[in-house]
Amino acid sequence: MELLNNIDKLLIDWGVSPQTADWMDQFIAFALVLVIAFVADMICRKILLKAIARLVQKTKATWDDIMFDRNVMVHLSRMVAPVVIYLFIPIAFAQTDSVTLSFIRRLCYIYIIFSFLLFINSFLKAAYTVYSEKESMRDRPLKGLLQTLQVSLWSIGLIVVVAELLGKSPLSLLAGLGASAAVLMLVFKDSIMGFVSGVQLSANDMLKVGDWIAMPKYGADGTVIEVTLNTVKVRNWDNTITTIPPYLLVSDSFQNWRGMRESGGRRVKRSINIDMTSVRFCTPQMLEKYRKIDLLKDYIDQTEAEVRAYNEQNGIDNAVLVNGRRQTNLGVFRAYLTAYLKSLPVVNKDLNCMVRHLQPTDHGLPVELYFFSTIKDWIPYEGVQADVFDHVLAIIPEFDLRVFQSPSGADLRRAFPEK
């Protein structure tokens, strides 16, 4: 102030009118404030930012390279100049009416708020980049959380800016918006429901990025590639992308295959139909033939021992019995399949593994193989199923059994040859 008074006296001594001298004083003072703001901004950009960048490059950690990225720090440095102007502008316009001073400070205040919002927004993006690269956080809906924080940040910033322009308290303006809550809820309905659903999905561990989910009602069957505030993107196996609102995953049912991937195996449940007319009792010659199969040798020896013990106990001669019942080629075939499955290294022996009969139909007797493959990826898993049933189809004739299939033209020609 004393410097401005001295300049004012000097101008009057030079013959300048008092009003012009006051105006020139304010102009010089305002120019000095702008120069100070410019110098402060240059110091932050050219000295402090470069010093921080060199310091960050010397550290071994990678998170600080992202958190102190130039874009983040530039947004922070942009606040220096308006803060300097906001603090020193009353000195330059001390003798100006309060309306002009208030208008200039209000513009600076709005610019500071806008720069601060950009800084926080870039900081949140950097934080998202850091945590999304961590292995433990890759399956979390971080993008949805980021979008929620961004919406909240800009909403609060907009309220503060509007309150400053209107010259009111942000709290009073926020209280006034309470009457418009219904309209706001209608406008942001999807965002609010998406946020709540995202919290439920994450808290209950219902869905993660990378999960294989199936939701046939909405045409989704594939891998979750992104979880945002308003959408869940699923890349289907045909490489199409299905977009589902998060609240539908909470209100509706969907199938998540993550439990299968985290378990000991992927289930195989497939049957083959046997022609029931080919099922018959085993003769000693048939059992002797089956004994030559390595997987059945122990089974045949054990059953014959049971037969002899049963025959001696009940005085029965020349009967091929197991537990009082005659053996069938289908029963021996079922025992072979059970031993075959348990001999495969790709079958998890700790989970259910069985061969069973299903309800007979007019298409034969379904014999179902039920086991769990330790290979869970789709293509190798299908290969396991194919290899198993290739073997089953090839070995069936060895047990004097036939696979049932509907008659074709070739079957009819063989049955009724032309004369």
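Visitor: Which residue stands opposite I241 in strand 4?

Guide: In this predicted model, R235 takes the place opposite I241. Such facing residues help you follow how two strands lie side by side. Strand 3, residues 232-236, is joined to strand 4 by 4 bridges, and the two run antiparallel.

Visitor: What is the order of the strands in the open sheet?

Guide: Reading across, the 5 strands go 4-3-2-1-5, with antiparallel pairing. Look next for the edges: strand 4 (241-244) and strand 5 (255-256) each pair on one side only.

Visitor: Now the inside. Which residues touch the most other members of the largest nonpolar core?

Guide: That core has 33 residues, and the ones with the most contacts to fellow members are Y290, F333, L341, L369, V388 and F399. Several elements supply at least two residues each, including strand 6 (266-274), helix 14 (294-314) and strand 10 (365-373). Helix 15 gives the most, with 8 residues.

Visitor: What does F333 touch, leaving out residues up to four places away in sequence?

Guide: Its partners are V392, I395, I396, F399 and L401. There is also another core, lying apart, with 13 residues; V227, V232, L249 and F254 are among them.

Visitor: Is F38 buried or exposed?

Guide: Here a cut-off helps: exposed means over 50% relative accessible area. F38 has 52%, so F38 counts as exposed. You will find F38 in helix 2, residues 18-58. Together with V35, V39, I43, I47 and L48, F38 forms a nonpolar surface patch with about 540 Å² of accessible area.

Methods: Residues numbered from 1 in each chain as written. Predicted model: local features only at pLDDT ≥ 70, side-chain atom pairs only at ≥ 80, totals over all residues. Heavy atoms only, no water. Core = buried A, V, L, I, M, F, W, Y, C linked by side-chain atoms within 4.5 Å. Buried < 20%, exposed > 50% of the residue type's maximum accessible area, 1.4 Å probe, protein only. Contact = heavy atoms within 4.5 Å. Patch = residues over 30% accessible without salt bridge, like charges linked within 9 Å, V, L, I, M, F, W, Y side chains within 5 Å. Areas by Shrake-Rupley, 256 points an atom, 1.4 Å probe, with all protein chains shown as cover. Salt bridge = Lys/Arg side-chain N within 4 Å of Asp/Glu carboxyl O. Pairing = 2+ DSSP bridges.
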